[in-house]
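Good morning, everyone, and thank you for making time for this. Please have the sequence and the structure open while I talk, and let me walk you through some of the elements one after another.

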Amino acid sequence: MNAPPTGAGHPGTAPSLADLARWSGGHKHTSACSTWPTPKAADAGRGAMKAETIAQRREYRKNGLNLPDVIGGRPNPEWVEWLMGFPPGWTDLTTAQPTTKAGEPVSQLDQTGMPVDGAAVLDEVAAFIARYVAFPTEHALTAVTLWAAHTHAAGCFYVTPRLVLDSAEPGSGKTRVLELLNLLCRNPEMTISASTAALFRLINEKPHTILFDEVDAIFNPKNGGNYEDLRAMLNAGYKRGATIARCVGDAKAMAVQRFPVFSPVALAGLAGNMPSTITTRSVTIHMRRRASGETVQPFREKFAERDAAPLRERLGTWVADVAQVLADAEPKMPPGVVDRPAEVWEALLAVADAAGGQWPDTGRGACEYFVLATASAPTFGTRLLADMRTLYNGRDRMPTVELLEALTGLEEAPWADLGGKPLDARRLARELGRYGVGPTPIRDTDGRPSKGYTTYPTTGNVGLADAWDRYLPTVSGDSGDSGYAAGHGGNRADQPSVTAVTAKGHVTDAAVTPLTAVTGLTRHVTEVTAVTDYSGHARPRAGEGAAA
């Protein structure tokens, strides 16, 4: 029986019921499929159809056209009328949801006709996975369980988060997790070295869950491979409706084909080579080898597959039944989880909320753990900013020479050996320039002019405080002692813009009060006039927000 083709949803739009049915494995017995009441003789004239529409339907049938049985994930009204012999237009009557004898809506029925408890089935899935894997934390088990469940209705969500499993050494359980997901997910495709073109066509054929093992070999820059197409596919396929255009056919019949790439993806490999554009779209679990006291059940695929089959069926049935609930869900995020991390966790928390029981709490506990409690590996730039924030320790400027000496002297930092040579002034300026921070003329502690970096903004320089505020986590005690307060960095309307000092020969020394005669200023001075301090910087009036 034919159903008219339905396109994938577009970004920003809710998925159609056809999409939900397609992504839920073809289950048509969802709660979205209402049933019509038994017709009565009086119903023949009660339809709301216009006469010309009824005539069109009769002509439609008389011509013998093929009627699809399902449209938009629901029984086709015309097909139902034809099958049951109902009067044309009768199905325009108000539909009714099936109910039990007690009047409760019938939903979430498994193959035995018994209701499927979402929390119970997730509990069983988690227990099944835990039989074979010793995760580093219970939150990792929660995340994997919710991720497996979300693959059965990935089309309900605007985003399908990537699941990344990495480890410092082989033999840490990464592949085992993929093997278990291969038994539990919807339409799994486990692969090691599939080409990007093959994955395009695989996902285009029908929605798959891609389980990619040994990706560290693909993304290792030492191998010199061209993985940009694969990385682009994994990045774009994170959001529903995404496509990648490719030319297909020979030279005479060349055409552009847009391949849909939206699909759940889990990736496993050794740590260190995964592109940051992928990890920021992922829930990343750092696997570890089992300790001597940790034991798991031996994995035998034929027995595990036997045990997983009914679990997968029940999981798919339950998810299909709550598909519309998942599509409409707007789960509440834990405090502090915003922007990209909130986007990543939305689908998983929607599944947790739909399941009920303890899952809403355990799901948010896992979200807080991976987003807030587990520090992600810093990039080269953010590591540099963090070390500079530590070194400044309340100072508002530092000469470049002194700063480089302090950075290269940090024992556990990489700055003393970057490809065989230490960090120099040119590399420092290039790295900080990406954040809008640049060297500026300053005076050192002895009053001598030099080049260095300030926490406050100067001409062409947003200041280190702005970069720390935007790219580093807030630290306790951040009260603006090192420039402007955290949360108030950068060239913003409520801050003065300080112009860089001119060369020493152009400073009017007569206007500078000798250092020994200066009384220390604080931010609590109530009324002072604009003065030029001993370092040559113009100080704003009290209350204008400058650091003392």
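**A walk through the sheets and helices**

Let me begin with a single pair of residues, in which Pro-188 stands opposite Thr-209 in strand 5. Before I go further, please keep in mind that this is a predicted model.

The pair I just named belongs to a parallel arrangement, in which strand 4, residues 188-191, is joined to strand 5 by four bridges. Between these strands we also have helix 7, residues 196-205, to consider, since strand 4, helix 7 and strand 5 together make a right-handed β-α-β unit. Strand 5 also pairs with strand 8, residues 265-270, again in the parallel sense and over three bridges, and within that pairing Leu-211 has Ala-266 of strand 8 as its bridge partner.

Are the residues on the two faces of strand 5 buried or exposed? Thr-209 and Leu-211 on one side, and Ile-210 and Phe-212 on the other, are all buried, so that both faces of strand 5, residues 209-212, are covered.

Stepping back to the whole sheet, we find an open arrangement of five strands in the order 4-5-8-3-9, with parallel pairing. Strand 4 and strand 9, the latter being residues 282-287, stand at the edges and have a single partner strand each, so one side of each is left without a neighbour in the sheet. On average, and ignoring direction, neighbouring strands of this sheet are turned by 15° against each other. Helix 6, residues 174-184, packs on this sheet and touches strand 3, strand 4, strand 5, strand 8 and strand 9, while its direction makes about 150° with that of strand 4.

Let me now turn to how helices meet one another. Two packed helices are described by the angle between their axes and by the distance between those axes. For helix 7 and helix 9, residues 228-236, the axes come within 9 Å and cross at roughly 30°, which makes helix 7 roughly parallel to helix 9, given that angles under 35 degrees are counted that way. On the side of helix 7 the contact is made by Thr-196, Leu-199, Phe-200 and Ile-203, and on the side of helix 9 by Asp-229, Leu-230 and Met-233. Sorted by class, this contact of helix 7 with helix 9 has five nonpolar residues, one polar and one charged.

The next pair is helix 5, residues 138-150, and helix 13, residues 339-355, whose axes come within 9 Å and cross at roughly 90°. At that angle helix 5 is roughly perpendicular to helix 13. Helix 5 contributes Ala-143, Leu-146, Trp-147, Ala-149 and His-150 to the contact, and helix 13 contributes Trp-345, Ala-347, Leu-348, Val-351 and Ala-352. The residues of this contact of helix 5 with helix 13 divide into nine nonpolar, one polar and no charged.

Further along the chain there is another open sheet, this one of three strands in the order 10-12-11, with antiparallel pairing. Here strand 10, residues 397-399, and strand 11, residues 440-443, stand at the edges with a single partner strand each, so one side of each has no neighbour in the sheet. Neighbouring strands of this sheet are turned by 60° against each other on average, direction ignored. Four bridges hold the antiparallel pairing of strand 11 with strand 12, where Pro-441 stands opposite Lys-451 of strand 12. Helix 16 lies across strand 10 and strand 12, running at about 85° to strand 10.

What do the buried residues of helix 18 pack against? They are Leu-464, Ala-465, Asp-466, Ala-467 and Trp-468, and they pack against helix 15, residues 380-392, and strand 12, residues 449-454.

I will finish with two individual residues. Glu-431 lies in helix 17 and counts as buried because its relative accessibility is 10%, where buried means under 20%. Leaving aside neighbours within four places in sequence, Glu-431 is in contact with Phe-380 and Leu-384. Ala-416, for its part, lies in the loop between helix 16 and helix 17 and is partly exposed, with a relative accessible area of 40%. Not counting residues up to four places away in sequence, Ala-416 touches Thr-408, Lys-421 and Pro-422, and its C-alpha atom is separated by 9.3 Å from that of Leu-404, 12 residues apart along the chain.

Key
Residues are numbered from 1 along each chain as its sequence is written. This is a predicted model: local features need pLDDT of at least 70, side-chain atom pairs count only at pLDDT 80 or more; totals for chains, interfaces and linings use all residues. Side-chain values use heavy atoms; hydrogens and water are left out. Axes are lines fitted to C-alpha atoms, for helices over the stretch in contact, and angles run from 0 to 180 degrees between N-to-C directions. Angles under 35 degrees count as roughly parallel, over 145 as roughly antiparallel, 65 to 115 as roughly perpendicular and the rest as oblique. Contact means heavy atoms within 4.5 Å. Ala, Val, Leu, Ile, Met, Phe, Trp, Tyr, Cys and Pro count as nonpolar, Asp, Glu, Lys and Arg as charged, and the others, Gly among them, as polar. Buried means under 20% relative accessible area, exposed over 50%, partly exposed in between (1.4 Å probe, protein chains only). Two strands pair if DSSP finds at least two bridges between them. A crossover is right-handed if, with the strands pointing away from the viewer, the path from the first strand over the helix to the second runs clockwise.
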